[in-house]
Amino acid sequence: MDEAMDERTPEEYLAAGFAAGDEGCMEAVYRRWRPLVHSIAYRFLGDEREAEDVTQQVFLAAWHGRLRYRPGPGGLGAWITGITRHKVADALEARTRRARAAAAAAAAVGASPGTAGRTGGPALQEAEQVLDRVLVLGELARLPSEQRRVLHLAFYGDLTQTQIADRTGLPLGTVKSHMRRALHRLRRSLPSAEPATR
């Protein structure tokens, strides 16, 4: 058994430690394959921020899914590359959904995105407001329930944090904490939106 263990390559040791939950191995895996993951993501997405987000998602997914890793052709690198392709596809699909939402928002106010962009008038502003609402609703749905509830009351109930605390029975500090975390996540997901705390 020891002899068989000695025959394993450094990468196989690293993969075994990673699959076993060794955080040191995870750090080594991240250092080794991050440049590859990032370059793949950037090549397909053409956007530095999106590529960085996908890179983080890939290693988070790899860590959470490490028990499903099975050595195969290409080893751990091939497995991580496969996760990268899935995450890039997800990012491209999300981009398509945003484009469809923009088109739907423009159609809702009777203007195509191209027309609205050229006129720059009230139709554009109204389309952007509809789109912002659609995108925010989509991101709100992804938040943990308590954060979603707090932001929903702030955005759509037009309540202050104190009023939210009164209505929900949550301590004001908890409301502020939920709001801060939720807004941080929204700002990462919706960089053009700048929701303000009340």
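**Exercise 1.** Work out how the axes of helix 2 (residues 10-19) and helix 3 (residues 23-45) cross.

*Solution.* Start with the axes: they come within 8 Å and cross at roughly 125°. Axes here are lines fitted to C-alpha atoms over the stretch in contact, with angles from 0 to 180 degrees between N-to-C directions. Helix 2 is therefore oblique to helix 3; angles under 35 degrees count as roughly parallel, over 145 as roughly antiparallel, 65 to 115 as roughly perpendicular and the rest as oblique. Next, list the contact (heavy atoms within 4.5 Å): helix 2 supplies Glu 11, Leu 14, Gly 17 and Phe 18, and helix 3 supplies Cys 25, Met 26, Ala 28, Val 29, Arg 32 and Trp 33.

A word on the model: it is predicted, local features need pLDDT of at least 70, side-chain atom pairs count only at pLDDT 80 or more, and totals for chains, interfaces and linings use all residues. Residues are numbered from 1 along each chain as its sequence is written, and side-chain values use heavy atoms, leaving out hydrogens and water.

**Exercise 2.** Now describe the surroundings of His 38, found in helix 3.

*Solution.* First, check exposure: His 38 has a relative accessible area of 12% and is buried (under 20%, with a 1.4 Å probe and protein chains only). Then look for partners: beyond its neighbours within four places in sequence, His 38 touches Glu 48, Ala 51, Glu 52 and Thr 55. Finally, the side chains of His 38 and Glu 48 share a polar contact of 2.9 Å; such a contact is a pair of N or O atoms within 3.5 Å, one able to donate a hydrogen and the other to accept it.

Methods:
Helices (H or I, at least four residues) and strands (E, at least two) are DSSP runs, numbered from the N terminus. Buried means under 20% relative accessible area, exposed over 50%, partly exposed in between (1.4 Å probe, protein chains only).
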